[in-house]
Amino acid sequence: MFEPSKYQSAIFDFVASGAGDAVVDAVPGSGKTTTCVEASKRLESRNALFCAFNRHIAEELKTKLQGMRAQTIHSLGLSALSSLGRPQVEGRKYSQLIRQYLTDHGVTDFETAQKASARIKALLNVVQLTLTEPDDQDGLDALAARFDLDRKDWEFTCKAIAPILYQGIDQARQVIDYNDMVWLPHVMQLSPKAADWVFVDEAQDLNKAQLELVLKARAGGGRMLFVGDKRQCQPAGTMVMTRKRSSRWHSEECDEVPIEQLKPGDTVVSYSRDSACFIMQAKVQEVASRNYAGYLYTVKAGDRETRCTDSHKWLVRWSNFDPEVYCTYLMRQGSRFRVGKCRLFLKPSTSSFDFGLAARCRQERADEAWILKVHQTHEDALVYEAVVAAKFGLPQVVFYSPIRSGDYSSLVVERIYEQLTPQEDNAKRCLEAHGRKLDFPIYCRNGNNRTRQGRNTLFEIQACNLIPGYMSVPIAPDGLDSSLRSLNQWETLDVHREWFEGEVYSLDIETHHKYVADGIVTCNSIYGFTGADTQSIANITQRTQAQVLPLSICYRCPTSHIELANEVYPGIEARPGAPKGTIEDIDEEDIVQHINDGDLIVCRTNAPLVAVCFSLIRAGIPARIRGTDIGKNLISILHQLEEMQGFQMSRLEVYLQKYLVEQRELRAGLDSDELEMAMANFKDRTNTILAIYQATRPHTVADLGREIAMLFSDQRAKVWLSSVHKAKGLEANHVVVLHPHLMPHPKATKSWEKEQEMNLKYVALTRAKCALTFAHGDESE
């Protein structure tokens with residue numbers, strides 16, 4: 001029988017007998033889905049709605065919720081438009097309207113129209129999602145600053161928005177796109193079917209249009225329960241500098257407090273970018289935490305170091321202006337991408353710009369650029385540019401040059417790029433291999449980061465774009481107090497990244513939005529998705545006068561499993577009255593005899609899961625491996641193999657080995673321990689491909705790709721298999737941990753690698769609700 005924790009009981013009491021609205025601040029492992037399902041059983045009204053953020057969650061909850069319908073927010077918006085008839089959903093609706101607008105205004109040149117279309121579409125998108133009035137120039141200017149929009153021909157772009165959107169409204173009975181589903185109900189004053197109770201999941205990611213839509217779904221006198229968490233960027237243990245007073249003269253001195261202990265209203269030390277001095281009194285406005293699985297970047301400056309997620313911003317300036325240093329880069333113009341090289345810095349006598357990549361981008365009229373690597377010589381840059389172009393299938397041809405270069409006239413360049421296949425997937429692979437993100441260019445034409453050109457300019461940049469040895473950050477002096485607040489000390493930074501799974505925290509600091517983390521000045525760590533309201537939770541609380549209810553106790557696991565988890569990380573608490581549960585050890589060969597419908601099998605790596613999955617299928621048990629993205633990654637590797645000279649399907653194992661050699665060469669700059677861990681991950685992928693090939697013996701790459709896609713599916717299955725990375729959020733009555741000796745992974749040698757491996761072990765141990773089985777295999781493999 002389900003017994004709620006004290007936190008869940010408070011939520012259930014609120015639902016059953018409380019008044020008004022609430023926001024559930026859910027931490028990882030607290031079981032927010034179960035809490036919502038159980039809360040639905042306590043509703044007096046059967047006219048209730050659960051708004052899910054994606055279709056997968058909505059479909060899953062339809063079988064669990066009692067007397068409550070589940071819909072995605074887009075589906076909710078579509079139902080609000082039902083009075084318009086049955087309009088066709090066409091994703092290119094506004095692209096076609098923009099194209100017609102440009103033609104009507106004499107913009108017929110293909111390249112010019114393509115760029116203008118991209119600028120209009122980007123602005124139009126955020127206008128809809130933020131419910132900004134299309135003829136409010138101040139509002140449009142604010143969107144440009146907030147979302148770093150391209151402001152070339154800004155007046156023309158802004159004038160296009162209102163007539164295109166009004167035409168979009170006129171066409172609403174015939175055709176709509178996905179943004180229309182959440183935007184049109186607001187502008188046309190249409191409402192979905194009203195409910196007495198509305199639950200909203202992932203509330204922290206709501207943009208303004210989505211929030212207004214779900215608020216319309218509340219019936220008169222109805223109530224709402226928002227469930228979510230907030231943005232995050234730094235792990236537990238990050239020491240944040242705080243202010244304390246001492247002596248009767250109230251002199252200001254500093255202390256340090258772990259980030260996880262801070263709360264709104266606490267006073268921390270901030271930093272003013274304009275006056276370049278420390279602010280001894282700044283209030284913490286918001287604190288958030290959530291589970292995170294991804295890379296953490298360790299930023300070192302002098303004898304200080306701290307860690308953060310890839311999107312976390314830093315206040316930096318350029319240093320080490322060596323004019324003989326080169327960089328290789330990826331550049332984008334519209335939908336085109338190319339790789340190239342240039343000087344990292346220009347000699348002062350040759351240009352008013354110090355940042356060489358910015359000058360190159362301006363010359364080629366590029367929209368965005370990312371630095372891939374810094375090189376000490378021109379020859380090194382030349383070689384690396386050619387290697388990257390070949391490895392990732394990216395062109396090197398310049399977008400534009402004011403001086404004719406050989407045979408590459410503007411007409412020839414245009415013909416080359418017209419005949420190339422879309423390059424975005426290749427560009428993403430290239431950036432990921434270099435630790436960069438497509439969403440975060442280091443240069444953006446007409447964006448806020450144009451200021452990164454100046455020698456002395458301060459600018460903010462994401463952690464994934466930090467350049468070791470060539471950027472510096474401000475650090476707090478030892479013994480900082482009010483007498484030293486103007487001391488301006490900068491240190492050149494170093495950076496490396498490592499995989500992390502665990503709790504991370506975010507802060508919002510008033511006024512200057514800076515704080516000192518482990519002695520280094522850093523920026524606010526609360527951010528949102530494009531279009532999302534970064535203050536969504538705060539705005540919901542203010543708008544609805546909702547009370548905040550915590551959800552902090554893990555109730556999934558029995559006590560024996562909690563005991564194992566406490567051996568990894570002490571502190572996890574089982575719910576009162578939790579059963580003891582069972583723990584069993586078996587041989588891998590006996591898994592089939594121990595598996596029943598609904599069971600979950602997890603493993604540190606994917607390759608061992610393949611053999612087990614096929615064993616289950618042969619035994620008549622429908623099984624799948626979770627992760628369509630994993631399948632797509634494996635298929636992408638297949639395509640790379642297919643492009644190798646002389647590739648033959650019958651010699652797949654040989655070409656998989658060649659692929660591993662190439663990946664090792666691409667990562668030659670990593671230190672040995674980090675390289676071995678990275679190669680272990682690649683070896684798991686190639687072993688997975690080989691295992692599927694050996695089990696199915698397909699004749700062609702296409703056949704093997706279909707087998708992979710079928711195996712790695714998110715469709716329904718009676719038994720799920722999953723890597724531990726993919727198991728976050730999953731649970732089952734019976735969980736089998738396959739090859740437990742792989743946690744920690746034998747290739748994890750550094751302390752931080754071992755720490756992350758223990759995080760994975762923690763995840764594996766906390767998936768089962770009743771029975772936990774360890775299936776042991778050959779530990780010598």
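**Charged residues and salt bridges in the predicted model**

Glu-38 counts as buried, because its relative accessibility is 11%, which falls under the 20% limit set for that class. The structure examined here is a predicted model. In this model, the side chain of Glu-38 meets that of Arg-42 in a salt bridge, with a distance of 3.5 Å from N to O. Arg-42, in contrast to Glu-38, counts as partly exposed, since its relative accessibility is 30%, a value between the limits of 20% and 50%. The salt bridge between Arg-42 and Glu-38 belongs to a network of such bridges in which Glu-38, Lys-41 and Arg-42 are linked. Side chains of opposite charge can pair when their charged atoms come close.

A search of the whole structure yields 21 salt bridges. Among them are two that involve Arg-332. In one, Arg-332 pairs with Asp-367, and the closest N and O atoms are 3.6 Å apart. Arg-332 belongs to strand S15 (residues 326-333), whereas Asp-367 lies in the loop between helix H11 (356-364) and strand S17 (368-375); the pair therefore ties together parts that are 35 residues apart in sequence. Both Arg-332 and Asp-367 are buried.

In the other salt bridge, Arg-332 pairs with Glu-368, the closest N and O atoms lying 3.0 Å apart. Because Arg-332 is in strand S15 and Glu-368 in strand S17, this pair ties together parts that are 36 residues apart in sequence. Glu-368 is buried, as is Arg-332.

Charged residues also gather at the surface. Glu-133, Asp-135, Asp-136 and Asp-138 form a surface patch of negative charge. Within this group, Asp-136 is placed in the loop between helix H6 (110-130) and helix H7 (137-146). Asp-136 counts as partly exposed, because its relative accessibility is 33%; this value also satisfies the requirement of over 30% for residues in a patch.

With respect to the chain as a whole, the secondary structure comprises 23 helices and 30 strands. Of the 781 residues in the protein chain, 53% are buried. Among contacts with a separation of 6 or more, 73% are accounted for by residues 24 or more positions apart. The protein chain exposes about 34,500 Å², of which carbon and sulfur atoms supply 48%.

Notes:
Residues numbered from 1 in each chain as written. Predicted model: local features only at pLDDT ≥ 70, side-chain atom pairs only at ≥ 80, totals over all residues. Heavy atoms only, no water. Salt bridge = Lys/Arg side-chain N within 4 Å of Asp/Glu carboxyl O. Buried < 20%, exposed > 50% of the residue type's maximum accessible area, 1.4 Å probe, protein only. Helix = DSSP H or I, 4+ residues; strand = E, 2+ residues; numbered from the N terminus. Contact = heavy atoms within 4.5 Å. Areas by Shrake-Rupley, 256 points an atom, 1.4 Å probe, with all protein chains shown as cover. Patch = residues over 30% accessible without salt bridge, like charges linked within 9 Å, V, L, I, M, F, W, Y side chains within 5 Å. Lys, Arg positive; Asp, Glu negative; His and termini not counted. Charge placed at Lys NZ, Arg CZ, Asp CG, Glu CD.
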